[in-house]
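Please take a moment with the sequence and the model below, and then follow the paragraphs from one group of contacts to the next.

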Amino acid sequence: MRHVGHSFLFDYGDLVIRVSYLSESRLKWEQTKGPQAGLKAEEQYDHAAVRDDVIYFWWQEKDSSVVSQVVDFGKGAVFTTWTSPDRKLAGFQGKVR
């Protein structure tokens, strides 16, 4: 997978997350802009290639929230859904830098 060993900024406007893919099953993220700037963690993730430059990722965080996202590295776009620990669903669309 081309994403492994690389870091990307997922820019959703008022919210920016830096994601570093450490391996094919481990990533780290840090909120660099937004209401919880500085918050960071490492996660086990899984993924499936939609096509060579489009990948579907998913993981469950330690607080039981769930992230599901499609990243189009070719077009520089990210589409994310996040389910909070109290089961509230939020969707985000942003740019990949």
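In this model, the side chains of D72 and R51 meet in a salt bridge at 3.8 Å, N to O, the term standing for a side-chain nitrogen of Lys or Arg within 4 Å of a carboxyl oxygen of Asp or Glu. The pair links distant parts of the chain, with D72 in strand 7 and R51 in strand 5, 21 residues apart; strands here are DSSP runs (E, at least two residues), numbered from the N terminus. The model is a predicted one, in which local features need pLDDT of at least 70 and side-chain atom pairs count only at pLDDT 80 or more, while totals for chains, interfaces and linings use all residues. Residues are numbered from 1 along each chain as its sequence is written, and side-chain values use heavy atoms, with hydrogens and water left out.

R51 also meets D53 in a salt bridge, at 3.3 Å from N to O, and salt bridges that share partners join R51, D53 and D72 into one network. Within this network D72 counts as buried, at 9% relative accessibility, whereas R51 is partly exposed at 45% and D53 is partly exposed at 22%; buried means under 20% relative accessible area, exposed over 50%, and partly exposed in between, with a 1.4 Å probe and protein chains only. A search of the whole structure finds 7 salt bridges, and another of them brings together the side chains of E42 and R26 at 3.4 Å, N to O. Because E42 lies in strand 4 and R26 in strand 3, this pair ties together parts that are 16 residues apart in sequence.

How are the strands arranged? An open sheet is formed by 9 strands in the order 4-3-2-1-9-8-7-6-5, with antiparallel pairing, where two strands pair if DSSP finds at least two bridges between them. Strand 4 (40-44) and strand 5 (46-51) stand at the edges with a single partner strand each, so one side of each is left without a neighbour in the sheet. At one edge, strand 3 (residues 26-33) and strand 4 run antiparallel and are joined by 5 bridges, with R26 standing opposite Q44. These two strands form a hairpin with 6 residues between them, and G34 in the turn has a positive phi of about 135°. At the other edge, 5 bridges join strand 5 to the antiparallel strand 6 (residues 54-60), and A49 stands opposite I55.

Turning to the aromatic side chains, the model contains 7 aromatic pairs, counted when ring centres of Phe, Tyr and Trp (its six-membered ring) lie within 6.5 Å, with planes under 30 degrees apart taken as stacked, over 60 as edge-to-face and the rest as tilted. The rings of F8 and F73 have their centres 4.9 Å apart and their planes at 50°, so this pair is tilted. F8 belongs to strand 1 (residues 7-11), while F73 sits in the loop between strand 7 (66-72) and strand 8 (77-83), 65 residues apart. F8 counts as buried at 16% relative accessibility, and F73 counts as partly exposed at 23%. Ring pairs link F8 and F73 with Y21, Y45 and F57 into a cluster. Another tilted pair is that of Y12 and F92, with ring centres 5.6 Å apart and planes at 55°.

Key
Helices (H or I, at least four residues) and strands (E, at least two) are DSSP runs, numbered from the N terminus.
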